[in-house]
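Q: Got a minute to go through this one with me? I want to check the metal sites, the ligand shell and any odd backbone before I set anything up.

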Amino acid sequence: MLRGRTLVLAHCWVAFVAFAAASLLGVWQMWVRSPLHAPYADPENYFLSVTAHGASMAYVLTTFFIMGFGYFVAETALNRPLLAVRWAWAGFALGVIGALLAVVTIFSGRASVLYTFYPPITASPFFYIGLVLVVVGSWIWCAIMIAAMGQWKRANPGLPVPLAMFATVANAVMWLWTTAGVTVELLFQVIPAAFGWTDAVDVGLSRTLFSWTLHAIVYFWLFPAYIAFYTMAPEAAGGRLYSDTMGRLTFVLFLVYSLPVGMHHLFMDPEHSTGFKFVQMFLTALVTVPTLLTVLTISASFEIAGRLRGGTGLFGWIRALPWDRPMVLATGLAFVMLFFGGGGGLVNMSYGMNALVHNTSWVTAHFHLIFGGTVVIMYFAIAYAIWPQLAGRPADLIDLRRQRAQLWLWTIGMLVMTLPWHWLGLNGQWRRVAHFDYTDPLIAWWGPWVVVSLAGGVILLASGLLFVANLVRLHGAAGADFQPAPLRYALALHPPTRVPASLNGFALWNVLVLVLMLAAYGWPIAQFAVNPSPKAIVHHVDGPG
Ligand code: HEM
Ligand SMILES: [Cu+2]
């Protein structure tokens, strides 16, 4: 039995309850934007709802799931009891208190500022304090992950850390770096403004600090999906990971490349010059490298599995794969969504084309496809893979059938929702807008497509609820005598290459991150001291002052 069993379960359940509630809000939002008349549809409710939905999906679902999964990996991949379990519970408690504080503030109507921290619009301070507590809780997790790896290394001198744990620690390190931006923004700009201690903020600076966080945070969310691709999917398919070294390289490249690129979220902002934007666009293009490495390595790993199962010919191995296993199916479906979502991402990162899609529904559609789609479907698959260990019952044939149905529904729903949404964005539909005047002949044709999107949202909600039901079902009738087979991580065809210790640790990579960060962000941030921009008057959504 896992020592951290209840700990992992507690984290995952907080994540998935937030997810289910947020899915319900998401469908209502789609409905409000459509020509069909939604109940309670007024702008106040809409922005309250988008704030609750965005913050629950982007901060609560992700952070809690990543922490829970990290604890699971630390215990199972390192094959030793979790250390500092008390500290882990303290981090969990901080996170739960913070999330509740934020949610209560949102539903009291004093935080309808959306999930991005963009002053001068400012929420009640409790909203920000709540989210800071969630982040502080996650820092405890980071420390435990790093300590667990260190302990294992001391006990196993000279051996490479198992890939799943290597990646988890890379994620923890990346998260520590990336939360620095938003933390500085909150502590020095947003929270003082929210309390009414300052009445004007340099919004150029705050947007820059937020952009520091805003790109690597999406890789923080993505890492569990990639960990599953490399260490769980090849095993589930009955094959071998093609190359362990490729996995390590991928995770290190994400750590190094994803931090100095956040300014691509500010392409349309006036406070930076085109030169800085060009540098960051160039660095952003590099992030495609680890993505492509992964697609190739996982395809090669699946080819090994397919051929071992008797598949022949150019594509025969694809048909021979065990698609009835949820992890294999989810990986295939995640790649389909990655194909469309990645293509859209290339448009976003191109400075010129970005102008066409900026602040349109294209952007919202893009990140639902890749984040809500590719990433979250792998969260589902991971949950299905680890739940038997947590809940004490193996999945039977009925479970497996329902799990597959749920994964298919999620993919279909996501494509039905996001493909028209992209198209509407290209035609100028604004994001973050509650109502459209469908009597306007210029946009009347949007209506039917928004309704199609809404239908996709309904399918997603059905899938989300089925997901929760599938997990609950695994809790039932846990046999006291059931000893779950330990989860096996994939073995690699090409095991880790022997590299000098300095490359295998994180020290060198962090120096590189620092150098790149200073190159990309040093001067753009310093210029606010040299050459401050006019400050904007703080606007309180509600709250003191
Ligand atoms: C049931 C499925 C879902 C539906 C129907 C849905 C729908 C929506 C809608 C209509 C919006 C508001 C868009 C706007 O006003 O521009 C929105 C925003 C958002 N969604 Fe979803 N969503 C779903 C699932 C997800 C998932 C799974 C994630 C990520 C894990 C996610 C993350 C977000 C975020 C972060 C925002 C805030 C965007 C902003 O503030 O501009 N959603 N969603
Ligand atoms: Cu980004």
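A: Sure. One term to start: buried means under 20% relative accessible area, exposed over 50%, and partly exposed in between. Also, this is a predicted model.

Q: Okay, cysteines. Is C12 buried or exposed?
A: C12 is buried, because its relative accessible area is 0%.

Q: And C142, buried or exposed?
A: C142 counts as buried, with 0% relative accessibility.

Q: How many disulfides does the structure hold?
A: Zero.

Q: Why no bond for C12?
A: Distance. The cysteine sulfur closest to that of C12 is in C142, 17 Å away, so the two are too far apart for a bond. A disulfide needs the sulfur atoms within 2.5 Å. From the other side, the sulfur of C142 has C12 as its closest cysteine partner, again at 17 Å and too far.

Q: Metals next. What coordinates the copper ion (ligand 2)?
A: Three histidines: H215 through ND1, H264 through NE2 and H265 through NE2. The distances are 2.0 to 2.1 Å.

Q: How are those donor residues spaced in sequence?
A: The pattern for the copper ion (ligand 2) is H-x48-H-H.

Q: Is H264 buried or exposed?
A: H264 is buried, at 9% relative accessible area. H265 is partly exposed, at 30%.

Q: Now the iron atom of ligand 1. Which residues coordinate it?
A: H53 and H368, each through NE2, at 2.0 Å. The pair links distant parts of the chain. H53 sits in helix α2 and H368 in helix α14, 315 residues apart.

Q: What's the arrangement of the donor atoms around that iron atom?
A: Octahedral. There are six donor atoms, and the angles they subtend run from 87 to 179 degrees, which makes the arrangement octahedral. The criterion is opposite donors over 155 degrees apart and all others between 65 and 115.

Q: Are H53 and H368 buried or exposed?
A: Both are buried.

Q: Zoom out a bit. How many residues surround ligand 1?
A: 27 residues. The closest are Y46, H53, H368, R431 and R432.

Q: What's the mix by class in that shell around ligand 1?
A: 15 nonpolar, nine polar and three charged residues.

Q: Which helices supply at least two residues of the shell?
A: α1 (5-33), α2 (43-77), α14 (361-391), α15 (397-426) and α16 (446-475) each do.

Q: I'm after polar pairs with ligand 1. How far is R431 from an oxygen atom of the ligand?
A: A polar side-chain atom of R431 is 2.7 Å from an oxygen atom of ligand 1. For R33, an N or O atom in the side chain is 3.5 Å from a ligand oxygen. H368 has a side-chain N or O atom 2.8 Å from a nitrogen atom of ligand 1.

Q: Back to R33. What joins the side chains of R33 and S361?
A: A polar contact of 3.0 Å. S361 lies in helix α14. It is buried, with a relative accessible area of 1%.

Q: There's another serine I marked, S533. Where is it?
A: In the loop between α18 (507-530) and β5 (536-537). S533 is partly exposed, at 23% relative accessible area. Its C-alpha atom is 6.5 Å from that of D202, although the two residues are 331 apart along the chain.

Q: Backbone check. What kind of peptide bond joins P119 and P120?
A: A cis one, with omega about 15 degrees. P120 lies in the loop between α3 (85-107) and β1 (121-122).

Q: Why flag that?
A: Most peptide bonds are trans, and most residues other than glycine have a negative phi.

Q: On phi, then: what about N79?
A: N79 has a positive phi of about 55 degrees and is not a glycine. It is in the loop between α2 and α3. At 68% relative accessibility, N79 counts as exposed.

Q: And what is phi for L114?
A: Positive, about 65 degrees, and L114 is not a glycine either. L114 is found in the loop between α3 and β1. L114 counts as buried, at 11% relative accessibility.

Technical notes. Residues numbered from 1 in each chain as written. Chains lettered and ligands numbered in written order. Predicted model: local features only at pLDDT ≥ 70, side-chain atom pairs only at ≥ 80, totals over all residues. Heavy atoms only, no water. Buried < 20%, exposed > 50% of the residue type's maximum accessible area, 1.4 Å probe, protein only. Donors = N, O, S within 2.8 Å, 3.2 Å for Na, K, Ca; no water. Near = heavy atom within 4 Å. Polar contact = N/O pair within 3.5 Å; in protein donor to acceptor, adjacent residues only side chain to side chain. Helix = DSSP H or I, 4+ residues; strand = E, 2+ residues; numbered from the N terminus. Nonpolar A, V, L, I, M, F, W, Y, C, P; charged D, E, K, R; others polar. Tetrahedral: all angles 85-135°; square planar, octahedral: opposite > 155°, others 65-115°.
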